Amino acid sequence: MAPKLFYTELSPPARSTLLTAQAIGLDLDLKNVDLSVGEHMAPEYLKMNPQHTVPTLDDNGYFLWDSHAINMYLVGKYAKDDSLYPRDPQKRGIVDQRLFFCASVVQARLAAIVGPILRQGEKTIAQEKIDNVHIAYDLLEIFLGDHDYVAGDSLTIADLSIVAHLASLSGLIPIAQNKYRRLSKWMHRMQQLPYYEEANQVGSDKLVGFLQSKLV
């Protein structure tokens, strides 16, 4: 039985798991969660995930949430090899650092923009928040260095997690190609993945379009 993924395509974390599943050739039983009507607060959902977030994984009764944890788990259980999440301690250490950077910096700075737009009705993005996003771009430019991917020379779940968030973040605060040449090339490289459009771009475009409709 295929693992069930409770998700919404507007969610960057959920899209990172869609990307991961596609990368390892894993079919998921997708269950859309309508956040607008509070399906994530239903008692049966809270039994699976008391933090009521998306995505949530149900792997035959084994429940897991937080996309980073889910992606690690899926690769560990279902991938044919460890290329996306290396077992070598030093290589894995770099991937983990990039994943924590995604969670604590990239995802957090996107949330700092999206939350006030949705909950407080903010109509503009404060310059301080824009500056903080540019700092994140600066760091990613450094991380990439002479490498093709954020954690080295091969694709990992760190790339999939970061690009799921950056697709939406850059839709609001563009990545200047002349300033962020490495990051721009990396974004283009990620967009060439055969599953990228369906797993990430479609949902990201919907989220960005919705948010832009709220801004002036």
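## Close-up views of a predicted model

**View 1. Lys-179 sits in the loop between α6 and α7.** This close-up, like the others here, comes from a predicted model. Which residues does Lys-179 contact once its neighbours within four places in sequence are left aside? They are Asp-138 and Glu-141. Next door in the chain, the side chain of Tyr-180 makes a polar contact with the side chain of Lys-179, at 3.3 Å. Tyr-137 is another residue to look for: 42 residues separate Tyr-137 from Lys-179 in sequence, while their C-alpha atoms are 9.7 Å apart in space.

**View 2. Four strands form an open sheet in the order β2-β1-β3-β4.** The pairing in this sheet is mixed. At the edges are β2 (29–32) and β4 (62–65), each of which pairs on one side only. From one strand to the next, the twist averages 20 degrees. Strands of a sheet pair through backbone hydrogen bonds, in either a parallel or an antiparallel sense. Here β1 (residues 4–7) runs parallel to β2, and 4 bridges join the two. To find this pairing on screen, start at Phe-6, whose bridge partner in β2 is Lys-31. On β3, β1 pairs in the antiparallel sense over 3 bridges, with Lys-4 and Asp-58 as bridge partners.

**View 3. Strand β3 (residues 56–59) is covered on both faces.** Thr-56 and Asp-58 are buried on one side, and Leu-57 and Asp-59 are buried on the other. β3 and β4 run antiparallel and are joined by 4 bridges; Thr-56 has Trp-65 as its bridge partner in β4. Follow the chain through the hairpin of these strands, and you will pass the 2 residues between them. In this hairpin, Asn-60 takes a positive phi near 55 degrees.

**View 4. Thr-8 lies in the loop between β1 and α1.** Is Thr-8 buried or exposed? Thr-8 counts as buried because its relative accessible area is 11%, below the 20% cut-off. Not counting residues up to four places away in sequence, Thr-8 touches Ala-14, Asn-32, Val-33, Leu-35 and Val-54.

**View 5. Helix α1 is mostly covered, with 10 of its 12 residues buried.** Among the buried residues are Pro-12, Pro-13, Arg-15 and Leu-18. Their cover includes β1 and β2 as well as the helices α3 (67–78), α4, α6 and α8. From first C-alpha to last, α1 reaches 16 Å, close to the 16 Å expected at 1.5 Å a residue. Look at the start of the helix for Ser-11: a side-chain oxygen of this residue comes to within 3.1 Å of the backbone nitrogen of Ala-14. After α1 comes Gly-25, with a positive phi near 70 degrees.

**View 6. Helix α8 (residues 196–212) packs its buried residues against α1 (12–23), α4 (89–119), α6 (157–172) and α7 (181–191).** Those buried residues include Tyr-196, Asn-200, Gln-201, Leu-207 and Leu-211. The helix has 17 residues and spans 22 Å between its end C-alpha atoms, close to the expected 24 Å. For a wider frame, an unreviewed UniProt entry annotates residues 88–215 as "domain: GST C-terminal". This span is 73% helix and 0% strand, and its end C-alpha atoms lie 45 Å apart.

How values were computed:
Residues are numbered from 1 along each chain as its sequence is written. This is a predicted model: local features need pLDDT of at least 70, side-chain atom pairs count only at pLDDT 80 or more; totals for chains, interfaces and linings use all residues. Side-chain values use heavy atoms; hydrogens and water are left out. The expected span of a helix is 1.5 Å times one less than its number of residues. Buried means under 20% relative accessible area, exposed over 50%, partly exposed in between (1.4 Å probe, protein chains only). Contact means heavy atoms within 4.5 Å. Two strands pair if DSSP finds at least two bridges between them. Axes are lines fitted to C-alpha atoms, for helices over the stretch in contact, and angles run from 0 to 180 degrees between N-to-C directions. UniProt positions are given in the numbering used here, feature names are shortened, and annotations may be inferred rather than shown by experiment. A polar contact is a pair of N or O atoms within 3.5 Å; within protein, one must be able to donate a hydrogen and the other to accept it, and residues adjacent in sequence count only if both atoms are side-chain atoms.
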